[in-house]
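Biologist: Please take one part of this model and examine it closely, strand by strand where that is possible. I should then like to see how that part sits within its chain, and what can be said of the partner chain.

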Amino acid sequence: MGLNVTRPFAALRRSKSFKAIRAALWEVNPISKQILGICSALAVTVQLQTALVMSLALTLVVAFSNLIISALRNLIPRNIRIIVEISIIATLVIIADELLKAFLYDISKQLSVFVGLIITNCIVLGRAEGYALSNPPLPSFVDGLANGIGYSSILVGVAFFRELLGSGKLLGFQVVPAVFYQAGYENMGLMLLAPGAFIVIGLFTWLQHTLLEK
Amino acid sequence: MSDRLKSIVFAAVLCVVISLLLTAASTGLQRFQEKNVLIDKHKNILKSVGLIEPDRTYPPETIATLYQNSIREVWAEPDGTIIEKPIDGEQNLPIYLYVKDNDIQAYIIPINSRGLWGRIYGYLAVQSDGTTISGFTVYKHSETPGLGGEIEKEWFQKNFVGKKIINLQGEFVSVAVAKGEVDERIPEAQKEHYVDGISGATLTGKYLTVGLHRVLDEYEPVSIRFRKNAVQFNPVPRKSHPEGS
């Protein structure tokens with residue numbers, strides 16, 4: 001079965017990779033459906049910029065950890081497999097952290113411990129155990145990318161609302177016009193605190209579940 | 001090979017590979033990271049004297065120029081005299097001077113205090129009257145985010161501005177972190193020697209208080225000189241376009 005090159009987009013939509021990505025964005029989204037990786041979703045979504053960097057870091061980590069673990073899946077001794085997986089994940093995260101400290105220093109200070117906490121993020125270990133150990137490297141890489149993209153979509157969505165409502169800005173640029181403030185509009189301070197994040201994530205999850213049931 | 005042996009060999013090989021990778025990453029990136037840390041240090045010194053605003057981002061070149069033009073890195077002898085270079089065999093303390101129009105506006109003391117989970121590093125700037133604090137910044141710590149970690153926030157640091165390190169009798173009292181709010185807990189006469197505490201971070205406040213006291217006490221000879229207006233250091237104007245000599 002070859003790809004139908006006269007209608008490339010249709011062919012792309014039928015490919016496994018696309019379906020995997022779409023599934024992770026919607027039907028099995030790691031945050032809203034699988035309820036994984038919540039704590040970092042709360043902490044780094046105060047601003048859109050930190051959410052974007054965190055999303056990129058996590059997506060790359062889970063994709064490459066899946067790739068490496070899948071490539072080694074027949075070599076890893078069963079009795080030490082969790083430790084081996086965590087070692088590989090930790091190495092990738094440390095490298096990512098060092099890169100951030102070298103090239104995006106100010107953002108790395110804002111992200112502080114949360115990049116390191118990617119090691120403990122359930123999504124990464126979950127996909128390693130649940131997919132990479134029993135599937136070939138390339139599909140595992142795509143699965144990692146897909147879950148990373150699903151996670152990123154929620155992170156960016158939550159950060160969008162939290163930064164907009166909580167400080168009137170997006171990516172650091174003032175978006176709410178001055179006239180609103182003069183008319184009495186005030187930033188919703190709750191959005192900058194953890195309860196605000198819980199509420200937004202809860203609403204996202206509820207929305208997604210409702211739409212999926214239809 | 002038995003299963004157990006296979007596990008041990010695999011683990012050993014994995015450890016060696018990972019160590020090589022991490023060492024390569026760390027040494028390869030060290031240059032860039034150190035440069036960033038230096039810029040951050042300069043930024044914090046400039047922030048402690050109010051030369052840059054806390055909420056804005058500045059390109060590295062701006063920081064470098066501002067620092068070059070306004071800050072002098074010097075040393076203090078045990079009796080408080082300020083000298084250009086440290087003298088071997090003497091206990092010299094590092095100190096930074098904020099210089100404007102050939103006049104010393106403030107002196108900046110590097111703070112290295114015990115914290116709850118690790119050391120707290122920052123800068124405390126005192127005006128040239130040797131008494132009033134002009135700014136306080138924290139650039140490295142290991143405190144809990146949201147609790148002790150609030151020491152790196154603007155709201156905590158700006159409370160230090162205007163506080164005094166000597167009392168009306170001229171005795172050194174340093175500045176302390178109160179337990180709770182200064183307005184509610186501290187008697188009127190003492191208010192200018194305390195800043196608001198952080199709720200849920202009493203220990204961080206305690207350690208920081210002790211740390212500040214110790215460091216400021218170390219630099220008292222310098223402060224005393226400033227109070228008496230007896231600082232004899234003449235800031236040499238920097239050449240802005242050094243020709244190759």
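Modeller: The account below begins with a sheet and one of its edges, and then moves outward to the loops, the contact between the chains and the partner chain.

The model is predicted, and the description should be read in that light. The part chosen is the open sheet of chain B, in which six strands stand in the order E2-E1-E3-E4-E5-E6 and pair in the antiparallel sense. Its edges are formed by E2(B), residues 82-83, and by E6(B), each of which pairs on one side only. Helix H1 of chain B, residues 3-48, packs on this sheet. H1(B) touches E1(B), E3(B), E4(B), E5(B) and E6(B), and its direction makes about 155° with that of E6(B).

E6(B) deserves the closest attention. This strand covers residues 133-140. Although E6(B) is an edge strand, pairing on one side only, it is mostly covered, with six of its eight residues buried. H1(B) is among the elements that touch E6(B). The pairing partner of E6(B) is E5(B), residues 119-127, and six bridges join the two in the antiparallel sense. Within this pair, B:Leu124 stands opposite B:Phe136 of E6(B). The two strands form a hairpin in which five residues lie between them. In the turn of that hairpin, B:Gly130 has a positive phi of about 70°.

Elsewhere in the sheet, E3(B), residues 93-100, runs antiparallel to E4(B), residues 103-114, and five bridges join them. One residue pair can be named here: B:Leu97 has B:Tyr107 of E4(B) as its bridge partner. The loop between E3(B) and E4(B) contains B:Asn102. This residue is not a glycine, yet its phi is positive, at about 65°. Is B:Asn102 buried or exposed? It has 9 other C-beta atoms within 10 Å, and a residue with 12 or fewer is classed as exposed; B:Asn102 is therefore exposed.

A second residue of chain B that is not a glycine also has a positive phi: for B:Ser174 the value is near 65°. B:Ser174 belongs to the loop between helix H3 (154-157) and strand E7 (176-177) of chain B. Because B:Ser174 has 19 C-beta neighbours inside 10 Å, it counts as partly exposed.

Chain B also touches chain A, and the contact takes 18 residues from chain B and 18 residues from chain A. On the chain B side, these residues divide into 10 nonpolar, five polar and three charged. One residue of chain A can be followed across to chain B. A:Tyr105 lies in helix H6 of chain A, residues 105-111. With its neighbours within four places in sequence left aside, A:Tyr105 is in contact with B:Asn36 and B:Asp40. A:Tyr105 has 17 C-beta neighbours inside 10 Å and so counts as partly exposed.

Chain A itself contains 11 helices and two strands. Along its sequence, the order is α-α-α-α-α-α-α-α-α-β-β-α-α. The C-alpha atoms of chain A fill a box of roughly 65 × 45 × 30 Å along the principal axes, and 36% of its 214 residues count as buried. Of the contacts in chain A with a separation of 6 or more, 76% are between residues 24 or more positions apart. A:Ala194, in helix H11 (residues 194-213) of chain A, gives one case of residues distant in sequence: A:Ala194 and A:Cys39 are 155 residues apart in sequence and 9.7 Å apart in space, C-alpha to C-alpha. A:Ala194 is partly exposed, because 13 other C-beta atoms lie within 10 Å.

Helix H9 of chain A, residues 137-167, allows a check on helix geometry. At 1.5 Å a residue, its 31 residues should span 45 Å, and the end C-alpha atoms are 43 Å apart, so the two values agree. Just after H9(A), A:Gly168 takes a positive phi of about 70°.

A word on confidence in chain A is in order. The mean pLDDT of this chain is 84, and 92% of its residues reach 70 or more. Confidence in chain A is highest in helix H5 (residues 81-103), at a mean of 93, and lowest in helix H1 (residues 8-14), at 69. Where pLDDT is low, the predicted coordinates should not be read in detail.

Key. Residues numbered from 1 in each chain as written. Chains lettered and ligands numbered in written order. Predicted model: local features only at pLDDT ≥ 70, side-chain atom pairs only at ≥ 80, totals over all residues. Buried ≥ 20, exposed ≤ 12 C-beta atoms within 10 Å, placed from the backbone. Helix = DSSP H or I, 4+ residues; strand = E, 2+ residues; numbered from the N terminus. Pairing = 2+ DSSP bridges. Contact = placed C-beta atoms within 7 Å. pLDDT = per-residue confidence, 0-100. Nonpolar A, V, L, I, M, F, W, Y, C, P; charged D, E, K, R; others polar. Axes fitted to C-alpha atoms, helices over the stretch in contact; angles between N-to-C directions. Expected span 1.5 Å × (residues − 1).
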